[in-house]
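Open the model in your viewer, colour the chain by secondary structure, and keep the sequence panel visible beside it. The tour below moves from the whole chain to single residues, naming at each stop what to select.

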Amino acid sequence: MSNHEDDLEVQEPVDQQKEDESQKKGGTDNKHQLKDIDLSSIFVRNLDENTTEDDLKEYFKDCGNIVKVTLRSDKNTGTLYSYIQFQDQNSVEDALVLSEGIIRGKKILVFQKRTNLRNRGRGNRGGRGQPFQYITRGRYLYAEPIRGRGAYRGGK
């Protein structure tokens, strides 16, 4: 009987290791944690280029405790936007009411942060695909694949 109890004690730390590894690999607990963070976060758009984290903290301080403020700039347009994470989800509702307010002379827009899903990007990006040429035969239009891409045969 004591031999069986020793096996149970040895088994417990191994299960704990598996749980830790699954969290590191992005297991279900990690996904739920990210979803909870997204539910307690907002996205702020149309910020002035001189806006600081302190400006945002001051503007949203009445909504609740702010855990994290992230300022980012769009690479293509150079516009500034921000993500703000609150301690609880009720603060998000209060922050959404403050949309269309003014920070540093610009009217801001506030949205609920959406949850980013992996592998939901631009779709299948592989290969060149098969080009088609369109041929008319009578009054019908047919699409036939072009055979080959041609070849360079030299200067002769």
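Begin with everything selected and the surface switched on: the accessible surface of the chain comes to about 13200 Å², and 46% of it belongs to carbon and sulfur atoms. What you are looking at is a predicted model, and of the 156 residues in the chain, 18% count as buried.

**Confidence**

Now colour the chain by pLDDT, for which the average is 74, with 55% of the residues scoring at least 70. Select residues 4-19, where the pLDDT is below 50 and where the model shows zero contacts beyond near neighbours in sequence. Where pLDDT is low, the predicted coordinates should not be read in detail.

**The overall plan**

Return to the secondary-structure colours and follow the chain from its start, counting four helices and eight strands as you go. Along the sequence these elements come in the pattern α-α-β-α-β-β-α-β-β-β-β-β. If you draw the contacts between residues at least 6 apart in sequence, 51% of them join residues at least 24 apart.

**The four-stranded sheet**

Select β1, β2, β3 and β6 together; in which order do they lie in the sheet? The order is β2-β3-β1-β6, in an open sheet with antiparallel pairing. At its edges are β2 and β6 (residues 109-112), each of which pairs on one side only. Turn the sheet slowly to look for its twist, which averages 20 degrees from one strand to the next.

Next, keep β2 (66-73) and β3 (80-86) in view, two strands that pair in the antiparallel sense over seven bridges. Show Leu71 as sticks and look across to β3, where Ser82 stands opposite. The two strands form a hairpin with six residues between them, and in the turn you can pick out Gly78, which has a positive phi of about 80 degrees.

On the other side of β3, select β1 (residues 41-47), which pairs with β3 in the antiparallel sense over five bridges. A good pair to display here is Ser41 and its bridge partner in β3, Gln85.

**A stop in the hairpin loop**

Select Asp74, in the loop between β2 and β3. Is this residue buried, exposed or partly exposed? Asp74 counts as partly exposed because its relative accessibility is 30%, and partly exposed covers the range between 20% and 50%. The side chain of Asp74 makes a polar contact of 3.0 Å with the side chain of Thr77. Setting aside neighbours within four places in sequence, you will find Asp74 in contact with Thr79 and Tyr81.

**A buried threonine**

Move to Thr51, in the loop between β1 and α3 (53-59). Thr51 counts as buried because its relative accessible area is 6%, and the limit for buried is under 20%. Show the side chain of Thr51 and follow it to the backbone oxygen of Asp48, which it reaches at 2.8 Å. Then display the residues in contact with Thr51, leaving aside those within four places in sequence: they are Leu56, Leu71, Leu80, Ile103 and Arg104. Leu71 may be on screen already, as the residue that stands opposite Ser82.

**The helix across the sheet**

Select helix α4 (residues 90-97), which lies across β1, β3 and β6 and runs at about 150 degrees to β6. Within α4, pick Glu93, which is exposed, with a relative accessible area of 54%. Which distance separates the C-alpha atoms of Glu93 and Gln112? Although these two residues are 19 residues apart along the chain, their C-alpha atoms are separated by 8.6 Å.

**Two backbone angles to finish**

Most residues other than glycine have a negative phi, and most peptide bonds are trans. With that in mind, select Asn46 in strand β1, where phi is near 70 degrees, a positive value in a residue other than glycine. Asn46 counts as partly exposed, at 31% relative accessibility. End at Glu100, in the loop between α4 and β4 (102-103), which has a positive phi of about 70 degrees although it is not a glycine.

Notes. Residues numbered from 1 in each chain as written. Heavy atoms only, no water. Buried < 20%, exposed > 50% of the residue type's maximum accessible area, 1.4 Å probe, protein only. Contact = heavy atoms within 4.5 Å. Polar contact = N/O pair within 3.5 Å; in protein donor to acceptor, adjacent residues only side chain to side chain. Pairing = 2+ DSSP bridges. pLDDT = per-residue confidence, 0-100. Areas by Shrake-Rupley, 256 points an atom, 1.4 Å probe, with all protein chains shown as cover. Axes fitted to C-alpha atoms, helices over the stretch in contact; angles between N-to-C directions.
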